[in-house]
Amino acid sequence: MNQEKIGIFISKMRKEKGWTQNQLAQKLGVTNKAVSKWENGRSLPDLSLFPSLCGLLDVTLNELFAGEKIPEEALKEKADQVLMEVITNWLGCGSKQSENNPPAPHTTPAHDALKVSGVSKEYKAGPETFLAVDHVSFQVPYGSFTGIMGASGCGKTTLLNLIATIDTPTSGEIRVDGQCITALPEKDRAKFRRTRLGFVFQEYNLLDTLTVYENIALALSMDRTDSVNDKIQRKIQDLSEALGITPVLDKFPWEISGGQRQRCACARAMASDPRLILADEPTGALDSRAAGQLLDTFLKLRAAYGTTILMVTHDAVSASYCDQILFMKDGQIKTSLARNGKSKQEFFTNILEKMAQL
């Protein structure tokens with residue numbers, strides 16, 4: 001199978017339908033970024049999407065794999081050829097790879113954006129030991145919006161600090177984008193946080209002496225590979241347009257509203273193209289209107305960039321924006337709740353019911 005040819009074919013058939021990438025993504029329930037990767041030949045759709053994609057584009061599965069329309073008279077011959085190519089790719093029946101030319105890595109990672117395995121964190125207070133996080137395990141898929149809920153003192157912020165490499169677990173393993181971060185030397189952690197993670201805090205943490213533009217640019221300027229001015233300017237322009245903060249780029253944080261400050265913090269978090277955004281009670285200092293705008297911003301980031309978000313919150317309204325909720329109590333994940341296609345209102349009601357049970 002020629003992945004690039006398949007991508008060109010998908011693009012061609014989409015355009016014949018008069019659809020944008022965004023419209024095709026909405027019909028399939030995927031992100032714009034996913035469709036863009038298919039059409040650029042960087043990845044293939046998930047197996048479960050093939051029937052829906054073929055139905056929408058009015059092509060057969062053989063035509064999709066072949067990357068071209070197949071005339072009726074050549075259907076059997078071409079279908080057998082395509083099937084043999086698929087079998088060869090899947091079962092590895094082709095010629096043996098040369099040791100000097102190893103197979104190219106997969107464009108779509110097989111691992112999750114975040115995997116937490118048996119993580120615990122102990123603190124000592126005099127002769128006593130306090131277990132803040134108790135053998136916690138869970139996964140966060142790429143492009144998902146996951147929430148962690150629980151009462152104050154349940155361990156959710158401690159867990160977030162462990163994932164952020166701000167603290168180290170007593171036992172267990174944490175992997176971000178497939179990389180084990182619990183084994184990182186201290187000197188590598190700051191670079192990992194800067195280049196692989198994005199942070200959105202309750203108190204914004206913007207520098208009052210810098211403009212909004214300069215606050216966002218600071219994250220890029222610290223990385224030498226992104227220090228060229230035109231690259232920084234282009235990146236900030238794209239993010240500010242996506243988040244609706246272009247009019248306030250030249251203002252200082254104290255001159256704009258709380259909601260605008262929090263969207264600026266989102267832009268700063270996204271500036272280095274992180275694999276994972278960690279949000280700690282991001283709506284805690286906002287009124288209901290600004291909180292809704294911020295949560296809508298998270299959804300925009302996920303739709304436009306395929307961003308993976310992990311949010312700690314105690315607010316059921318904020319949690320209702322998520323795909324799944326992990327409920328913490330006494331340092332443990334007691335249960336979880338998935339949206340499964342429910343509306344925001346239905347999911348909100350389910351969250352309240354689950355909280356009442358706990």
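Is F145 buried or exposed? Select F145 and find out: at 1% relative accessibility, F145 counts as buried. Keep in mind throughout that this is a predicted model.

**The whole chain**

Before going further, zoom out and show everything as a cartoon. You have 14 helices and 10 strands on screen. Of the protein's 358 residues, 43% count as buried. Now turn on the surface: about 18800 Å² is exposed, and carbon and sulfur atoms supply 50% of that. Contacts are worth a thought too. Taking those with a separation of 6 or more, 66% are between residues 24 or more positions apart.

**Stop 1: the aromatic pairs**

Go back to F145 and add F298 to the selection. The protein has two aromatic pairs, and here is one of them. What angle do the planes of F145 and F298 make? They sit at 75°, with the ring centres 5.7 Å apart, so this pair is edge-to-face. Colour the two backbones as well: F145 belongs to strand β3 (residues 145–149) and F298 to helix α12, so the pair ties together parts that are 153 residues apart in sequence. F298 is buried as well, at 0% relative accessibility.

Next, select F252 and W254. These two rings form a stacked pair, 5.9 Å centre to centre with 10° between the planes. Check the surface around this pair: F252 is partly exposed, with a relative accessible area of 27%, while W254 is exposed at 57%.

**Stop 2: salt bridges around helix α8**

Time for charged side chains. The count of salt bridges comes to eight, and we'll visit a few. Select D177 and R196 as sticks; their side chains meet in a salt bridge, 3.2 Å from N to O. D177 is in the loop between β4 (171–176) and β5 (179–180), and R196 is in helix α8 (residues 186–196), so the bridge ties together parts 19 residues apart in sequence. How covered are they? D177 is buried, with a relative accessible area of 18%, and R196 is partly exposed at 21%.

Stay on α8 and pick R189 and E186. Here the side chains meet in another salt bridge, 3.7 Å N to O. Both residues lie in helix α8, three residues apart, which is about one turn of the helix. Flip on the surface and look at each end of the bridge: R189 is buried, with a relative accessible area of 9%, whereas E186 is exposed at 58%.

**Stop 3: back to α12**

You already met α12 through F298, which lies in that helix. Now select R302 and D323. They form a salt bridge, with the closest N and O atoms 2.5 Å apart. R302 sits in helix α12 (residues 288–305) and D323 in the loop between α13 (316–319) and β9 (324–329), so the pair ties together parts 21 residues apart in sequence. On accessibility, D323 counts as partly exposed, at 23%.

**Stop 4: helix α3 and its covered side**

Jump to residues 32–39, which make up helix α3, and show side chains. Which residues of α3 are buried? They are V35, W38 and E39. Look down the axis and you'll see that these three cover an arc of only 90° around it, which puts them on the same side of α3. To see what lies over them, add α1 (3–16) and α2 (21–28), which are among the elements covering the buried residues of α3. Then step past the end of the helix to G41, which follows α3 and has a positive phi, near 75°.

**Stop 5: K334 in strand β10**

For the last stop, select K334, which you'll find in strand β10 (residues 332–338). How accessible is K334? At 41% relative accessibility, K334 counts as partly exposed. Show its neighbours: leaving aside residues up to four places away in sequence, K334 touches F327, K329 and L358. Try the distance tool on one of those. K334 and L358 are 24 residues apart in sequence, and their C-alpha atoms are 8.3 Å apart in space. Finally, add Q332 to the view: its side chain makes a polar contact with the side chain of K334, at 2.9 Å.

How values were computed. Residues numbered from 1 in each chain as written. Predicted model: local features only at pLDDT ≥ 70, side-chain atom pairs only at ≥ 80, totals over all residues. Heavy atoms only, no water. Buried < 20%, exposed > 50% of the residue type's maximum accessible area, 1.4 Å probe, protein only. Helix = DSSP H or I, 4+ residues; strand = E, 2+ residues; numbered from the N terminus. Arc of directions from axis to C-beta. Contact = heavy atoms within 4.5 Å. Polar contact = N/O pair within 3.5 Å; in protein donor to acceptor, adjacent residues only side chain to side chain. Salt bridge = Lys/Arg side-chain N within 4 Å of Asp/Glu carboxyl O. Areas by Shrake-Rupley, 256 points an atom, 1.4 Å probe, with all protein chains shown as cover. Phe/Tyr/Trp six-rings, centres within 6.5 Å; stacked < 30°, edge-to-face > 60°.
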